[in-house]
Amino acid sequence: MSKIQAIKGTYDILPGDVETWQEIECVVREVMNVFGFNEIRTPVFEDTSLFARSIGEDTDIVGKEMYTFIDKGNRSLTLRPEGTASVVRSFIEHAMDQRGLPQKLWYMGPMFRQERPQKGRQRQFHQFGVEVIGSSSAMVDAEVIVLFDAISLRLGLDNRTFAINSIGGDESRMSYRDALTSFLDTVEDRLCGDCQRRKTTNPLRVLDCKVPGCREAVHGAENLPCTVDYLTEDDRDHFEKVQEQLTAQSISYTCDYTLVRGLDYYTGTVFEMHYEGLGAQSAVMGGGRYDRLVGQLGGKDHPAVGFACGMERLVMAMNAAQQSKSSRNVQVYVVNALADSMVRAMNYLQAIRGAGYTADMDFMGRSMKAQLKSASRSGAMFAVIIEPEEDMVSVRDMEKSEQNTMSFREFIQIMGNSEL
Ligand code: HAM
């Protein structure tokens, strides 16, 4: 008799691993609560047209990846490939706008996409996510990013950086679309078959095509137009406010002006968080603003923004972060290359240890270069280099290779705010 096994692209979460999942679930619930979000649970299958109309016929998800079946009542049903469409459907169906706006909703559960399975890519995977419906404020775009940052900080993810962009509202996207189409005309013969078609039906989709030759022709080109150059004044202003707020909240981000995301409903800010060391599938979360979707699905027009996090990838990121922490001997390495500063260096070393961090320094009178090498070998996150001026140090972030000069007191304060 042939062995019955889990379906390709699905897997069991066994005791030993399930505890990490429980930890994530706990942290997500707590942080959602602190941020004033309410949980919503929707069915795992829906009318197929819900996803086709929201995610977009031209996307990979709808075009190639949905688990769609005809039930015994001859209805076309689909296992949900994501949560946003279902939450919006539920928001409209239950007239949730009557409960006060904005509605701040969160969800967690399995999603289904028939993708080619590989590390970090399953056919049944899990997401938690949020949808804020009813506010067009740039502050809310920032708020959902800050919320995800808070969750990942609690789960021990170091070096979190968000990639952000704005694809703008209808007017901005129309002018970008024109510029992009003109550009795509110039590389048409290098595009894959799907993208040659998308060039006329939905050119933005070409930007997230995964075919290597296509990617190289498009993303490798110097004259690929940038979304941000085609934003209306209002859209530009909105995007600047998001950035100001992220900076004010000390969120680390970079602007990626070719980021468009793989779903059609976005209308403004878009963002992703990638985590180093996860291989090809490095996007842990993604989201953005989708101001037209509620109206498109038959509700009153309500602006909205949200994100979803892939929980399998989050577990992988947590493991990677844990591994890099446990390969670390000390967190801080004090570097002293000055002849008369040994006492100062020892005092700093003790102060750092007293503040609860592991720390070491060189006792062999080596050169600055050799000491920095030892710092790197020790796995320290920071090297604190003694400067000749009283109480001044240069702090080198060993991973980013960035260096800033500050007072030692300031350094201790910064350490208190970091997740070391
Ligand atoms: P998405 O980018 O399609 O966005 O998915 C979000 C996250 O789900 C990805 O960053 C990834 O971590 C995870 N994910 C997606 N597909 C797979 C897969 N096959 N295997 C493992 N993990 C996967 C959305 O789903 C939007 N609904 C996000 C959103 C919410 N936008 C606004 N609100």
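In this predicted model, Val44, Phe45 and Phe69 together make a nonpolar surface patch of about 240 Å². Val44 sits in the loop that runs between β1 (38-39) and β2 (45-47), and because its relative accessibility is 31%, Val44 counts as partly exposed.

From this surface patch the description can turn to charged side chains, beginning with Arg41, which forms a salt bridge with Glu39 in which the closest N and O atoms are 2.8 Å apart. The two partners fall into separate classes of accessibility: Arg41 is exposed, with a relative accessible area of 67%, whereas Glu39 is partly exposed, with a relative accessible area of 32%. Side chains of opposite charge can pair when their charged atoms come close. The structure as a whole holds 26 salt bridges, and among the residues that take part, Asp58, Asp60, Lys64, Asp194, Arg197 and Arg198 are linked in a network of such bridges.

A further salt bridge joins the side chains of Asp141 and Arg289, with an N to O distance of 2.8 Å. This pair links distant parts of the chain, since Asp141 belongs to helix α5 and Arg289 to strand β10, 148 residues apart. Asp141 counts as buried because its relative accessibility is 0%, and Arg289, at 2% relative accessibility, counts as buried as well.

Asp264 and Arg205 form another salt bridge, in which the closest N and O atoms are 2.4 Å apart. Asp264 lies in the loop between β8 (253-255) and β9 (269-274), while Arg205 lies in the loop between α7 (193-201) and α8 (212-219), so the pair ties together parts of the chain that are 59 residues apart in sequence. Asp264, at 30% relative accessibility, counts as partly exposed, whereas Arg205, at 4% relative accessibility, counts as buried.

Another arginine, Arg121, is placed in the loop between β5 (103-112) and β6, and with a relative accessibility of 13% it counts as buried, the limit for that class being under 20%. A polar atom of the Arg121 side chain lies 2.8 Å from the backbone oxygen of Arg116.

The aromatic side chains offer a second way through the model, which holds 11 aromatic pairs. One of them, made by Phe148 and Phe162, is edge-to-face, with the rings 6.3 Å apart centre to centre and 80 degrees between the planes. The pair links distant parts of the chain, for Phe148 is in helix α5 (residues 138-154) and Phe162 in strand β7 (residues 162-166), with their positions 14 residues apart in sequence. Phe148 is buried at 0% relative accessibility, and Phe162 is likewise buried, with a relative accessible area of 1%.

Phe382 and Phe411 make an aromatic pair that is also edge-to-face, at 6.1 Å centre to centre and with 80 degrees between the planes. Because Phe382 lies in strand β14 (residues 382-386) and Phe411 in helix α14 (residues 408-417), this pair ties together parts that are 29 residues apart in sequence. Phe382 counts as buried at 14% relative accessibility, and Phe411 is buried with a relative accessible area of 2%.

Phe148 and Phe162 also belong to one aromatic cluster, which they form with Phe128 and Phe307. Phe307 leads on to the ligand, since a backbone N or O atom of Phe307 lies 3.4 Å from a nitrogen atom of the ligand. A backbone N or O atom of Gly306 likewise lies 3.4 Å from a nitrogen atom of the ligand, whereas for Val284 a backbone N or O atom lies 3.0 Å from an oxygen atom of the ligand. Taken alone, the ligand exposes 660 Å², of which the protein buries 96%.

The elements that give two or more residues to the shell around the ligand are β6 (124-133), β10 (283-289) and β11 (304-310). Strand β10 gives the most to this shell, with 6 residues, and β10 is also the strand that holds Arg289, the partner of Asp141 in helix α5. Altogether 27 residues surround the ligand, and the closest of them are Glu82, Thr84, Glu115, Glu131 and Tyr266.

Terms used
Residues numbered from 1 in each chain as written. Predicted model: local features only at pLDDT ≥ 70, side-chain atom pairs only at ≥ 80, totals over all residues. Heavy atoms only, no water. Patch = residues over 30% accessible without salt bridge, like charges linked within 9 Å, V, L, I, M, F, W, Y side chains within 5 Å. Areas by Shrake-Rupley, 256 points an atom, 1.4 Å probe, with all protein chains shown as cover. Salt bridge = Lys/Arg side-chain N within 4 Å of Asp/Glu carboxyl O. Helix = DSSP H or I, 4+ residues; strand = E, 2+ residues; numbered from the N terminus. Buried < 20%, exposed > 50% of the residue type's maximum accessible area, 1.4 Å probe, protein only. Phe/Tyr/Trp six-rings, centres within 6.5 Å; stacked < 30°, edge-to-face > 60°. Near = heavy atom within 4 Å. Polar contact = N/O pair within 3.5 Å; in protein donor to acceptor, adjacent residues only side chain to side chain.
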